[in-house]
Amino acid sequence: MAPSHFQKFLSDATSPAPDTDSPLGPDCLYGLYTSWCLIQGLTPKSDSSFRAGMRRCRVNPRGTRRRMKGRAAADYILASYPLAS
């Protein structure tokens, strides 16, 4: 069975971090997802669809024990960094 859209995102843009003191919160995880979608040339699903997809993948968006990785992480970090004036 082929991995789902959300499983592919988790595999490409995150990695497990069971011992992290700073788990990805729901807003950060969704922001990372939208960056991943843009890089992949995909239209992001709505926030509610994303959260439902994460639950199907057994990931709790409110306190996931995962960290960012890859191109989507770099894109998300740069896009969310405040501009210097």
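Tutor: Before we start on the loop after helix 3, a convention: helices (H or I, at least four residues) and strands (E, at least two) are DSSP runs, numbered from the N terminus. This is a predicted model, in which local features need pLDDT of at least 70, side-chain atom pairs count only at pLDDT 80 or more, and totals for chains, interfaces and linings use all residues. Residues are numbered from 1 along each chain as its sequence is written, and side-chain values use heavy atoms, with hydrogens and water left out.

Student: OK, so what sits just after helix 3 with a positive phi?

Tutor: That is R58, whose phi is about 65°, a positive value in a residue other than glycine. R58 belongs to the loop that runs between helix 3 and strand 2 (66–68).

Student: And is R58 buried or exposed?

Tutor: R58 is exposed, at a relative accessible area of 80%; the classes are buried under 20%, exposed over 50% and partly exposed in between, with a 1.4 Å probe and protein chains only.

Student: Back up into helix 3, then. Which residues there are buried?

Tutor: In helix 3, which covers residues 47–56, the buried residues are F50, R51, G53 and M54. They lie on the same side of helix 3, because the arc they cover around the axis is only 160°, the arc being that of the directions from the helix axis to the C-beta atoms.

Student: What's on the face turned away from them?

Tutor: That face carries the exposed residues S48, R55 and R56. D47 is also found in helix 3, and D47 counts as partly exposed at 31% relative accessibility.

Student: What do the buried residues of helix 3 pack against?

Tutor: They pack against helix 1 (5–13) and helix 2 (26–40), where contact means heavy atoms within 4.5 Å.

Student: Let's do helix 1. Which residues are buried there, and why do they line one face?

Tutor: The buried residues of helix 1 are F6, F9, L10 and A13. Seen down the axis, these fall within an arc of 100°, so they line one face of helix 1. As background, an α-helix has 3.6 residues a turn, so residues three or four places apart point the same way. The packing partners of that buried set are strand 1 (14–16), helix 2, helix 3, strand 2 and helix 4 (70–80).

Student: Where does D12 fit, and what is it in contact with?

Tutor: D12 is in helix 1 and is partly exposed, with a relative accessible area of 28%. Setting aside neighbours within four places in sequence, D12 is in contact with W36, Q40 and K69. Between D12 and Q40, 28 residues apart in sequence, the C-alpha to C-alpha separation is 10 Å.

Student: Zooming out, what's the overall pattern?

Tutor: The protein chain has four helices and two strands, arranged along the sequence as α-β-α-α-β-α. Of its contacts between residues at least 6 apart in sequence, 76% join residues at least 24 apart, and buried residues make up 32% of the 85 residues.

Student: What about the radius of gyration?

Tutor: The protein chain has 13 Å, which agrees with the value near 12 Å for a compact globule of 85 residues; the radius is taken over C-alpha atoms, and the globule rule is 2.2 Å times the number of residues to the power 0.38. Along the principal axes, the C-alpha atoms fill a box of roughly 50 × 30 × 20 Å.
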